[in-house]
Amino acid sequence: FQLVIVHHLRDERVQKAHTISELFYHPDPDIQQAVSKLIATTLGENVLMILDGYDELASELQVGNGSMICRIIKGEELPKLTVLVTSRPSANRNLYQLCGIQEKCQ
């Protein structure tokens, strides 16, 4: 991967993100703009996004189609992005439904 990004889903800024640029915050605006541009132009190719703590996401954001996180997990945003989601087992049912998975994966 050219770029690995970790998002902690308990972070309110991540939960409220509605655009790609809002999701990729960095204190240096030049770095933020460069990362957002790279990801947008490549549709996430060669980028690994780790979404840590799916179980800490508000329940309406776990299944809501309006959530940027859900659109990323489903591949609707950044279709070439590789996504790794971590969660406690308590939220697995919502994650399976979101992804259309019928069987449990461990």
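# Group meeting: salt bridges, core and loops

Let's start with a charged pair. The side chains of Glu-76 and Lys-74 form a salt bridge, at 3.4 Å from N to O. Glu-76 is partly exposed, with a relative accessible area of 48%. Lys-74 is partly exposed too, at 34%. Keep in mind that this is a predicted model.

How many salt bridges does the structure hold? Six. I'll show two others. One of them joins the side chains of Arg-10 and Glu-56, with 3.6 Å from N to O. Arg-10 sits in the loop between β1 and α1, and Glu-56 in the loop between β2 and α4, so this pair ties together parts that are 46 residues apart in sequence. The accessibility values differ in class. Arg-10 counts as exposed, at 52%. Glu-56 is partly exposed, at 32%.

Next pair. Arg-88 and Asp-55 meet through their side chains in a salt bridge of 2.8 Å, N to O. Where are the two partners? Arg-88 is in the loop between β3 and α6, while Asp-55 is in the loop between β2 and α4. The pair therefore links parts that are 33 residues apart in sequence. Is Asp-55 buried or exposed? Buried, with a relative accessible area of 18%. The cut-off for buried is under 20%. Arg-88, by contrast, is exposed, at 52%.

Now the strands. β1 covers residues 3–8, and β2 covers residues 47–52. They pair in the parallel sense, over six bridges. Within that pairing, Ile-5 stands opposite Met-49 of β2.

β1 has two faces. Which residues are on the covered one? Leu-3, Ile-5 and His-7. The uncovered face carries Val-4, Val-6 and His-8. Two of those names come back at the surface: Val-4 and Val-6 join Phe-1 in a nonpolar patch. Together the three have about 310 Å² of accessible area. As background, in soluble globular proteins nonpolar side chains tend to be buried together. Here, Phe-1, Val-4 and Val-6 form their patch on the surface.

On to the inside. The largest nonpolar core has 25 residues. Which of them touch the most other members? Leu-23, Ile-39, Tyr-54 and Ile-69. Several elements feed this core: β1, α2, β2, α5 and α6 each supply at least two residues. The largest share is from α5, with five residues.

Let's look at Ile-39. Setting aside neighbours within four places in sequence, Ile-39 contacts Leu-3 and Ile-5. Both of those are on the covered face of β1. The other contacts of Ile-39 are Ile-20, Phe-24, Gly-44, Val-47 and Leu-78.

Hold on to Leu-78. What is unusual about its backbone? Most residues other than glycine have a negative phi. Leu-78 has a positive phi of about 55°, although it is not a glycine. Leu-78 lies in the loop between α5 and β3. It is buried, with a relative accessible area of 7%.

There is a second case. Leu-43 is not a glycine either, yet has a positive phi of about 55°. This one is in the loop between α3 and β2. Leu-43 counts as partly exposed, at 38%.

Now helix α3, residues 29–42. Two residues to pick out here. Ser-36 is in this helix. Ser-36 counts as buried because its relative accessibility is 11%, where buried means under 20%. What does Ser-36 touch beyond its neighbours within four places in sequence? Ser-21 and Phe-24. Phe-24 is also among the contacts of Ile-39.

The other α3 residue is Gln-33. Gln-33 counts as exposed, at 57%. Ser-21 comes up again: Gln-33 and Ser-21 are twelve residues apart in sequence, and 7.6 Å apart from C-alpha to C-alpha.

Last stop, helix α5, residues 68–73. Arg-71 lies in this helix. Is Arg-71 buried or exposed? Buried, with a relative accessible area of 17%. Arg-71 and Leu-98 are 27 residues apart along the chain. Their C-alpha atoms are separated by 9.5 Å.

Conventions: Residues are numbered from 1 along each chain as its sequence is written. This is a predicted model: local features need pLDDT of at least 70, side-chain atom pairs count only at pLDDT 80 or more; totals for chains, interfaces and linings use all residues. Side-chain values use heavy atoms; hydrogens and water are left out. Buried means under 20% relative accessible area, exposed over 50%, partly exposed in between (1.4 Å probe, protein chains only). Helices (H or I, at least four residues) and strands (E, at least two) are DSSP runs, numbered from the N terminus. Two strands pair if DSSP finds at least two bridges between them. Patches are made of residues with over 30% relative accessible area and no salt bridge: like charges are joined within 9 Å, nonpolar side chains (Val, Leu, Ile, Met, Phe, Trp, Tyr) within 5 Å. Accessible areas come from the Shrake-Rupley method with a 1.4 Å probe; for residues, only the protein chains shown count as cover. A salt bridge is a side-chain nitrogen of Lys or Arg within 4 Å of a carboxyl oxygen of Asp or Glu. Contact means heavy atoms within 4.5 Å. A nonpolar core is a set of buried Ala, Val, Leu, Ile, Met, Phe, Trp, Tyr and Cys residues joined through side-chain atoms within 4.5 Å.
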